[in-house]
Amino acid sequence: MASTKEKITATALALFAQRGYDGVSVRDICKQVGIKESSLYYHFPSKQAILTTLLSHFENRAAEGMAQLEQALGDQQGPWGQVSYRMVCQAFFEGYLMDPFCNQVLRLLQMDFLPARQHHSISLCTHRLHRRRNAVVFL
């Protein structure tokens with residue numbers, strides 16, 4: 001069973017990814033978790049601290065994902081030094097890009113922290129990655 005702190009961060013991320021950081025209040029988070037504001041403030045001094053925790057966790061996951069990708073690239077060399085495309089895709093797409101937590105953080109970052117003109121290109125890129133992932137994984 002998840003701790004209250006884990007429930008707070010998971011709920012906050014889901015709400016931030018749906019509505020954007022500014023579209024979510026501490027009250028919204030508390031209502032979804034089913035706790036009082038004082039309980040949230042016991043675990044986090046502010047809404048910004050929740051976001052900082054989420055971004056820190058994302059950075060760690062991204063670093064782990066890159067390490068796994070590098071490992072897959074190193075481990076999956078064929079007899080002529082060719083990298084297995086399927087292993088690279090599996091390591092990167094399944095382990096990082098398709099991870100629900102990473103997807104929610106990327107959605108939040110897209111909504112709140114990137115200039116509006118980049119939103120369309122990132123959405124298009126994400127769509128292409130999902131389409132390519134579906135085509136590659138089932139080869």
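Which residues in H1 meet which residues in H2? From H1 come Lys7, Ile8, Thr11, Ala12, Leu15, Phe16 and Arg19, and they meet Asp28, Ile29, Gln32 and Val33 in H2. Keep in mind as you look around that this is a predicted model. The protein has 7 helices and 0 strands, so the order of elements from the N terminus reads α-α-α-α-α-α-α.

**The whole chain**

- Of the 139 residues in the protein, 30% count as buried.
- If you take the contacts between residues at least 6 apart in sequence, 60% of them join residues at least 24 apart.

**How H1 packs against H2 and H6**

- A pair of packed helices is described by the angle between the two axes and by the distance between those axes.
- For H1 and H2, the angle is about 125° and the axes are 9 Å apart.
- That angle makes H1 oblique to H2, and H1 passes H2 in a right-handed crossing.
- For H1 and H6, the angle is about 40°, with 8 Å between the axes.
- H1 and H6 are therefore oblique to each other as well, but here H1 passes H6 in a left-handed crossing.
- On the H1 side of the pairing with H6 you will find Leu13, Ala14, Phe16, Ala17, Gln18 and Arg19.
- Their partners in H6 are Phe101, Gln104, Val105, Arg107, Leu108 and Met111.
- Phe16 and Arg19 are worth picking out on screen: both are among the H1 residues that meet H2, and both are also among those that meet H6.

**The nonpolar core**

- The largest nonpolar core has 22 residues.
- Those with the most contacts inside this core are Ile8, Phe16, Ile29, Leu40, Ile50, Leu54 and Phe101.
- Two or more core residues come from each of H1, helix H2 (26-33), H4 and helix H6 (100-113).
- Isoleucine 50 makes a handy starting point for a tour: leaving aside neighbours within four places in sequence, this residue is in contact with Ile8, Ala12, Phe16, Ile29, Leu40 and Phe44.

**Threonine 9 in H1**

- Threonine 9 is found in helix H1 (residues 4-19).
- With 15% relative accessibility, threonine 9 counts as buried, because the cut-off for buried is under 20%.
- The side chain of threonine 9 reaches the backbone oxygen of glutamate 6 at 3.0 Å.
- Apart from neighbours within four places in sequence, threonine 9 is in contact with Phe44, Thr53 and Leu54.
- One of those partners, Leu54, is also among the core residues with the most contacts inside the core.

**Lysine 47 in H4**

- Lysine 47 lies in helix H4 (residues 47-75).
- Is lysine 47 buried or exposed? Lysine 47 counts as buried, because its relative accessibility is 16%.
- A polar atom of the lysine 47 side chain lies 2.9 Å from the backbone oxygen of tyrosine 21.
- Not counting residues up to four places away in sequence, lysine 47 touches Phe16, Tyr21, Asp22, Val24 and Val26.
- As for one of these partners, aspartate 22 is 25 residues from lysine 47 in sequence, and the two are 10.0 Å apart in space, C-alpha to C-alpha.

**Valine 26 in H2**

- Valine 26, which lysine 47 touches, is found in helix H2.
- Valine 26 is buried, with a relative accessible area of 11%.
- Setting aside neighbours within four places in sequence, valine 26 is in contact with Glu37, Leu40, Tyr41 and Lys47.
- Valine 26 and tyrosine 41 are 15 residues apart in sequence, while their C-alpha atoms are 9.3 Å apart in space.

**Arginine 61 in H4**

- Arginine 61 lies in helix H4, as lysine 47 does.
- Arginine 61 is partly exposed, with a relative accessible area of 24%.
- In sequence, arginine 61 and aspartate 99 are 38 residues apart, and in space they are 9.7 Å apart, C-alpha to C-alpha.

Definitions and conventions: Residues numbered from 1 in each chain as written. Predicted model: local features only at pLDDT ≥ 70, side-chain atom pairs only at ≥ 80, totals over all residues. Heavy atoms only, no water. Helix = DSSP H or I, 4+ residues; strand = E, 2+ residues; numbered from the N terminus. Buried < 20%, exposed > 50% of the residue type's maximum accessible area, 1.4 Å probe, protein only. Contact = heavy atoms within 4.5 Å. Polar contact = N/O pair within 3.5 Å; in protein donor to acceptor, adjacent residues only side chain to side chain. Core = buried A, V, L, I, M, F, W, Y, C linked by side-chain atoms within 4.5 Å. Axes fitted to C-alpha atoms, helices over the stretch in contact; angles between N-to-C directions. Parallel < 35°, antiparallel > 145°, perpendicular 65-115°, else oblique. Left-handed = near helix turned anticlockwise from the far one by under 90°.
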